[in-house]
Amino acid sequence: MNIPADLKYTKDHEWVRVEGDKAVVGITDFAQGELGDIVFLEIETEGDELGKEEVFGTVEAVKTVSDLFMPVSGTVESFNTELEDAPELVNKDPYGKGWMIKIAMSDSSELDDLMSADEYKDLIEG
C-alpha cells in the first residue's frame, strides 16, 4: 500500500499536500481500495468557505457512497475537473491525477492535528 511520507492524513482517509498557503486534497490509496471502482464524484463546494471536518463532497463507488471531509478549514478554490469525465483516476493515481480539491487554508495550524504517514499506517493496520 502506498502511503507517501511527504503528505498529511486524516482519520477519514483524506490526504493533504501543502503548497504554500494552499492544501491539495484527495483520498488515500487505502480508501480508494476499500471503496472499489469509483464511478462518480459530486463536489459542488467550489468557492465555499468550509470548516475543518465539514463535508466538501461525495464519492460514489459501485458498492457505496461516501462523504468527503475537509482536512483543514478554508475556501475550496478549485476542483479537479478531469474527474468529471474520468473518476477512475482516483483509483489509478490517488496521490497524483486523482486529487480532488485545492483549498486556500484559513488556519494552517490545523495541519498540526493531522497524521504523519507512519501514524496513518498504524491507523489502517490497527
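This briefing covers the sheet, the aromatic contacts, the salt bridges and a surface patch of the structure above. The model is predicted. An open sheet of six strands, with antiparallel pairing, has the order E1-E2-E3-E9-E8-E5. The structure also holds two aromatic pairs and six salt bridges.

**Sheet**

- The edge strands of the open sheet are E1 (8–9) and E5, each of which pairs on one side only.
- At one edge, E1 pairs with strand E2 (residues 14–19) in the antiparallel sense, over two bridges.
- Lys 8 has Val 16 in E2 as its bridge partner.
- At the other edge, strand E5 (residues 49–50) runs antiparallel to strand E8 (residues 74–79), and two bridges join them.
- In this pairing, Leu 50 stands opposite Gly 74 in E8.
- E8 also pairs with strand E9 (residues 101–105), again in the antiparallel sense and over five bridges.
- Thr 75 stands opposite Ala 104 in E9.
- In general, strands of a sheet pair through backbone hydrogen bonds, either parallel or antiparallel.

**Aromatic pairs and a charge over a ring**

- The structure holds two aromatic pairs; in one of them, the rings of Tyr 9 and Tyr 120 have their centres 4.8 Å apart.
- The ring planes of Tyr 9 and Tyr 120 stand at 15°, so this pair counts as stacked, the cut-off being under 30 degrees.
- Tyr 9 belongs to strand E1 and Tyr 120 to helix H4 (residues 117–125), so the pair links distant parts of the chain, 111 residues apart.
- Both Tyr 9 and Tyr 120 are buried.
- In the pair of Trp 15 and Tyr 95, the ring centres lie 5.9 Å apart and the planes stand at 55°, so the pair is tilted.
- Trp 15 is in strand E2, whereas Tyr 95 is in the loop between helix H3 (89–92) and E9, so their contact ties together parts 80 residues apart in sequence.
- Trp 15 is buried, with a relative accessible area of 0%.
- Tyr 95 has 11% relative accessibility and therefore counts as buried, since the cut-off is under 20%.
- Another ring contact involves a charge: Lys 102 lies over the face of Trp 99, at 5.0 Å from the ring centre.

**Salt bridges**

- Among the six salt bridges is the one in which the side chains of Glu 53 and Lys 11 meet, at 3.8 Å from N to O.
- This pair links distant parts of the chain, with Glu 53 in the loop between E5 and E6 and Lys 11 in the loop between E1 and E2, 42 residues apart.
- Glu 53 is partly exposed, with a relative accessible area of 46%.
- Glu 53 and Lys 11 also belong to a network of salt bridges in which they are linked with Asp 12.
- Asp 113 forms a salt bridge with Lys 52, and their closest N and O atoms are 3.1 Å apart.
- Asp 113 lies in the loop between E9 and H4, and Lys 52 in the loop between E5 and E6, so this pair ties together parts that are 61 residues apart in sequence.
- Asp 113 counts as exposed at 56% relative accessibility, whereas Lys 52 is partly exposed, with a relative accessible area of 26%.
- Arg 17 forms a salt bridge with Glu 19, with the closest N and O atoms 3.2 Å apart.
- Arg 17 counts as partly exposed at 23% relative accessibility, and Glu 19 is partly exposed as well, with a relative accessible area of 39%.

**Surface patch**

- Val 39, Phe 40 and Val 62 form a nonpolar patch on the surface.
- Together, these residues have about 280 Å² of accessible area.
- Val 62 is placed in the loop between strand E6 (55–61) and strand E7 (65–69).
- Val 62 has a relative accessible area of 63% and is therefore exposed, as the cut-off is over 50%.

Terms used: Residues numbered from 1 in each chain as written. Predicted model: local features only at pLDDT ≥ 70, side-chain atom pairs only at ≥ 80, totals over all residues. Heavy atoms only, no water. Pairing = 2+ DSSP bridges. Helix = DSSP H or I, 4+ residues; strand = E, 2+ residues; numbered from the N terminus. Patch = residues over 30% accessible without salt bridge, like charges linked within 9 Å, V, L, I, M, F, W, Y side chains within 5 Å. Areas by Shrake-Rupley, 256 points an atom, 1.4 Å probe, with all protein chains shown as cover. Salt bridge = Lys/Arg side-chain N within 4 Å of Asp/Glu carboxyl O. Buried < 20%, exposed > 50% of the residue type's maximum accessible area, 1.4 Å probe, protein only. Phe/Tyr/Trp six-rings, centres within 6.5 Å; stacked < 30°, edge-to-face > 60°. Lys NZ or Arg CZ within 6 Å of the ring centre and 35° of its normal.
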